[in-house]
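Here is a short briefing to read alongside the sequence and the structure. Keep the viewer open and follow each residue as it comes up.

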Amino acid sequence: EEKRWVSFAEILGGDEHGGAWIRRVRTLLGKEVITRADVTAAFSIIDPDDTGHISPWELKEVLNRLGEYPSDAEVNKLISVADLDRDGKISKLDFEDLFSAFIKTTA
């Protein structure tokens with residue numbers, strides 16, 4: 001999971017381990033620690049039409065809100081890194097898997 005996250009962050013010019021992106025997600029959610037529920041909430045924010053998938057357009061829209069302006073080619077690369085089933089979209093499972101290395105689990 002971490003390798004995919006690093007690839008995702010590097011496409012956008014992030015730091016080596018994607019720390020800048022984790023900070024942005026924390027800011028977006030208003031939370032310091034990311035839980036599985038937070039990842040689900042973030043997915044819902046990025047998928048406002050509740051289709052269960054994040055389209056390239058939806059991903060680009062949220063990245064723009066976070067102050068990043070990737071090209072369409074960069075968005076397609078991001079989708080390809082996160083899209084495990086290769087359907088051209090990021091499913092909720094794909095999204096959770098991408099963030100799994102950063103989710104705080106309760107003991």
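Which residue forms a salt bridge with D72, and how far apart are the closest N and O atoms? The partner is K60, and the closest N and O atoms of the pair are 2.7 Å apart. K60 belongs to helix α4 (residues 56-65) and D72 to helix α5 (residues 72-82), so this pair ties together parts that are 12 residues apart in sequence. Please keep in mind that this is a predicted model.

**Overall layout**

- The protein contains 6 helices and 2 strands.
- Starting at the N terminus, the order of the elements is α-α-α-β-α-α-β-α.
- Of its 107 residues, 36% count as buried.
- About 6000 Å² of the protein is exposed, and carbon and sulfur atoms supply 53% of that area.
- If you take the contacts between residues at least 6 apart in sequence, 55% of them join residues at least 24 apart.

**The salt bridge and helix α4**

- Searching the whole structure turns up 1 salt bridge, and K60 and D72 are the residues that form a salt bridge.
- K60 counts as partly exposed because its relative accessibility is 24%, which falls between the 20% limit for buried and the 50% limit for exposed.
- Helix α4 also has buried residues, namely E58, L59, V62 and L63. These residues cover an arc of only 135° around the axis, which means that they sit on the same side of α4.
- Just after α4 comes G67, a residue with a positive phi of about 90°.

**The nonpolar core**

- The largest nonpolar core is made of 18 residues. Those with the most contacts inside this core are V39, I54, L59, I90 and F95.
- Helices α3, α4, α5 and α6 (92-99) are the elements that give two or more residues to this core.
- L59 appears in two lists: it is one of the buried residues of α4, and it is among the core residues with the most contacts.
- Leaving aside residues up to four places away in sequence, V39 touches I34, F95, E96, F99 and I103. One of these, F95, is also listed with V39 among the residues with the most contacts inside the core.

**Strand β2 and S91**

- Strand β2 covers residues 90-91, and S91 is found in this strand.
- Is S91 buried or exposed? S91 is buried, because its relative accessible area is 11%, and the limit for buried is under 20%.
- S91 touches F43, G52 and H53 when residues up to four places away in sequence are not counted.

**Two loop residues with positive phi**

- As background, most residues other than glycine have a negative phi. The two residues below have positive values, so they are worth a look in the viewer.
- D50 is a residue other than glycine with a positive phi, near 55°. Its place is the loop between α3 (36-46) and β1 (53-54). With a relative accessible area of 68%, D50 is exposed.
- R86 is also a residue other than glycine with a positive phi, here near 60°. R86 lies in the loop between α5 and β2. With a relative accessible area of 59%, R86 is exposed.

Definitions and conventions
Residues numbered from 1 in each chain as written. Predicted model: local features only at pLDDT ≥ 70, side-chain atom pairs only at ≥ 80, totals over all residues. Heavy atoms only, no water. Salt bridge = Lys/Arg side-chain N within 4 Å of Asp/Glu carboxyl O. Helix = DSSP H or I, 4+ residues; strand = E, 2+ residues; numbered from the N terminus. Buried < 20%, exposed > 50% of the residue type's maximum accessible area, 1.4 Å probe, protein only. Contact = heavy atoms within 4.5 Å. Arc of directions from axis to C-beta. Areas by Shrake-Rupley, 256 points an atom, 1.4 Å probe, with all protein chains shown as cover. Core = buried A, V, L, I, M, F, W, Y, C linked by side-chain atoms within 4.5 Å.
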